[in-house]
Amino acid sequence: MIVLGIDTSCDDTSVAVVKDTTTILANVISSQGIHLDYGGVVPELASRAHLTLLLPALESALQTAQCRLADMDAVAVTRGPGLIGSLLIGLSMAKSMCLATGVPLVGVNHMEGHIFAGRLSHPALTPPFLALIVSGGHTQLMHIKDWGIYDLIGKTRDDAAGEAFDKVAKMMNIGFPGGPAIDRVAKSGDAQFVDFPRSFLDKTETEFSFSGVKTAVRTFLMGRTEEENNRDAAHIAASFQEAVVDVLVKKSIHAANALHLKHILITGGVACNTRLRAVMTATAGEAGMSVSYPPPVLCTDNGAMIASAGSFHFSQGNISSMSLAPDPRAPLVMP
Ligand code: KG4
Ligand code: ZN
């Protein structure tokens, strides 16, 4: 089974070809540098960039995989959640290709794609397990009962973890996207320099909140001179990162314990964070749990994870109609 996967949910234009759910034949990702000057994704610019980048990405993916469109068993495409204009570009192209070739269309939830990034990188990964999905738009704890059967255990009440990384990096003027910049700068910093607040909410609470720590960093920076902030950038970045990692790790371990789960998958862009990986692996180990995380290229947005999730749904007979509409807030699990 060969499936083409398209993801245009945010600011990465990606087209991939995946064989038998877990073998990547091609995974072309065109990142849109255009947003760098703004310190954040500009939705209208993202849609326009998808328009110009999508066809070349498709051609390159087919060439790398040595396939033709007609060889595909299905075309999988992200239908949401994401930016409406960006989703529309990917979905319109997927539908056009399906109409022209007769290949079936499979609409995929972007969050399920992030879960399938774990299956792609670890084909032996078997439910049940806990998934911590941490990206620029989402922070969710999911109980993966089986492939396709999920329970939402908790999510953020305000900012996503990645959003907090991006906003703090912007305040500190250290680059966009903020996550990789903070990860890099924090390496030489002292994480105990500032005791930024951890929003544990309630001890048993599985929901997250990251707007408080973001505001705390802003208040801290504003109370000091630019010179002092520049001098201590590594320490401030490390202290902020530690506060976010502390909450993500403790809540994940707590949720896994409560559900008697022995394995945690961390996925989504923030799962690239080196400190999160290290602390989660060590803490889970002490709790008798194991952790897996996809390689960075599969943690951030990519078409391969969409092709993999699409392959699963196609094999279950889940085919979408040509009237499938993009859904910017598509829930993976109905509340
Ligand atoms: O999954 P993703 O590519 O897109 C969404 O679906 O949102 O995640 C992008 C997010 C950005 O907020 C980015 O700053 C964050 O992932 N990110 C990181 C790291 N690499 C990417 N956050 C922390 N540390 C990193 N190394
Ligand atoms: Zn994503």
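Lys-167 is partly exposed, because its relative accessibility is 34%, between the limits for buried (under 20% relative accessible area) and exposed (over 50%), with a 1.4 Å probe and protein chains only. The model is predicted: local features need pLDDT of at least 70, side-chain atom pairs count only at pLDDT 80 or more, and totals for chains, interfaces and linings use all residues. Residues are numbered from 1 along each chain as its sequence is written, chains are lettered from A and ligands numbered from 1 in written order, and side-chain values use heavy atoms, without hydrogens and water.

Lys-167 forms a salt bridge with Glu-163, at 3.1 Å from N to O. A salt bridge is a side-chain nitrogen of Lys or Arg within 4 Å of a carboxyl oxygen of Asp or Glu. Glu-163 is also partly exposed, at 24%. The two residues lie four apart in helix 4, so about one helical turn separates them. Helices (H or I, at least four residues) and strands (E, at least two) are DSSP runs, numbered from the N terminus.

The structure holds 14 salt bridges. One of them joins Lys-214 and Asp-159, at 2.6 Å from N to O. Lys-214 belongs to helix 6 (residues 211-222), whereas Asp-159 sits in the loop between strand 8 (149-155) and helix 4 (161-172), so the pair ties together parts 55 residues apart in sequence. Both residues are buried.

Asp-195 and Arg-198 also pair, at 3.6 Å from N to O. Asp-195 is exposed, at 68%. Arg-198 is partly exposed, at 26%. Salt bridges link these two residues with Asp-246 and Lys-250 in a network.
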